[in-house]
Amino acid sequence: MDTNLLNNYVLKAIDAYPYELEETVENLNYALSYESNNAYALYLMGRLQAEQFGDYEKAKYYFAEALANKIDFIKVYPKYILVLIWNHDFNEAQKLIDFAHTVKAVGKGELLVLQAQLFECQKAYKKALKTFKKAKLFVYNNGFTSFIDSEMNRVKNKLKPNKKKSSKSKKKKKRKQKKNKK
């Protein structure tokens, strides 16, 4: 197979995604017909399945195939982990996060943000906040720092209602105790 032609199809698919989905699919199909184990084409097909069609099982398949063919393809890890979280495959997501930390050049800050989001989905809000704070140590631009701050605010807001509920229930108990004394 002529690698230039294959790369041409992959590049056309990258260029078209996500604005020209028909062109993206066409070029991905050509690329995968020439080389069924092309990691970048498989990765982009996984993104297409998850982000556009909401088919997380197919997306997981494509991401797994991409990693099977190129384990150090660092772009796959964050998207794959996110799909696992969206699909409520929390144990798989944790295993992939743990493994991704061992892969050279994977963004540690991004992995920690995904870890925090996983904790949030599991309703471990304090762990999530702690992990977001840790992620800020591995962030090297203001945009990502602002994103983490907004994520932390969202999680903090989830903690506040729990505190309000507990203080309201304490007030109710005190009222009941006062009524019982009378």
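A residue is taken as buried when its relative accessible area is under 20%, and as exposed when that area is over 50%. The model described here is predicted. Y43 has a relative accessibility of 4% and is therefore classed as buried. F73, with a relative accessible area of 10%, is likewise under the 20% limit and so is buried.

Aromatic contacts were examined next. In total, 11 aromatic pairs were counted in the model. One of these joins Y43 to F73 in an edge-to-face arrangement, with the ring centres 5.5 Å apart and an angle of 75° between the planes. This pair connects distant parts of the chain, its two members being 30 residues apart. Y43 belongs to helix α3 (residues 39–53), whereas F73 lies in the loop between α4 (56–69) and α5 (76–86). An edge-to-face geometry is also found for Y61 and Y62, whose rings are separated by 5.3 Å centre to centre, with 70° between the planes. Beyond the single contact with F73, Y43 takes part in a cluster in which ring pairs link Y40, Y43, F63, F73 and Y80.

Nonpolar side chains were also located at the surface. L137, F138 and Y140 make up a nonpolar surface patch, and their combined accessible area is about 400 Å². Within this patch, L137 is positioned in the loop that runs between α8 (125–136) and α9 (142–181). The relative accessibility of L137 is 64%, which is over the 50% limit, so the residue is classed as exposed. Y43 and F73 are by contrast buried, at 4% and 10% respectively.

Notes. Residues numbered from 1 in each chain as written. Predicted model: local features only at pLDDT ≥ 70, side-chain atom pairs only at ≥ 80, totals over all residues. Heavy atoms only, no water. Patch = residues over 30% accessible without salt bridge, like charges linked within 9 Å, V, L, I, M, F, W, Y side chains within 5 Å. Areas by Shrake-Rupley, 256 points an atom, 1.4 Å probe, with all protein chains shown as cover. Salt bridge = Lys/Arg side-chain N within 4 Å of Asp/Glu carboxyl O. Helix = DSSP H or I, 4+ residues; strand = E, 2+ residues; numbered from the N terminus. Buried < 20%, exposed > 50% of the residue type's maximum accessible area, 1.4 Å probe, protein only. Phe/Tyr/Trp six-rings, centres within 6.5 Å; stacked < 30°, edge-to-face > 60°.
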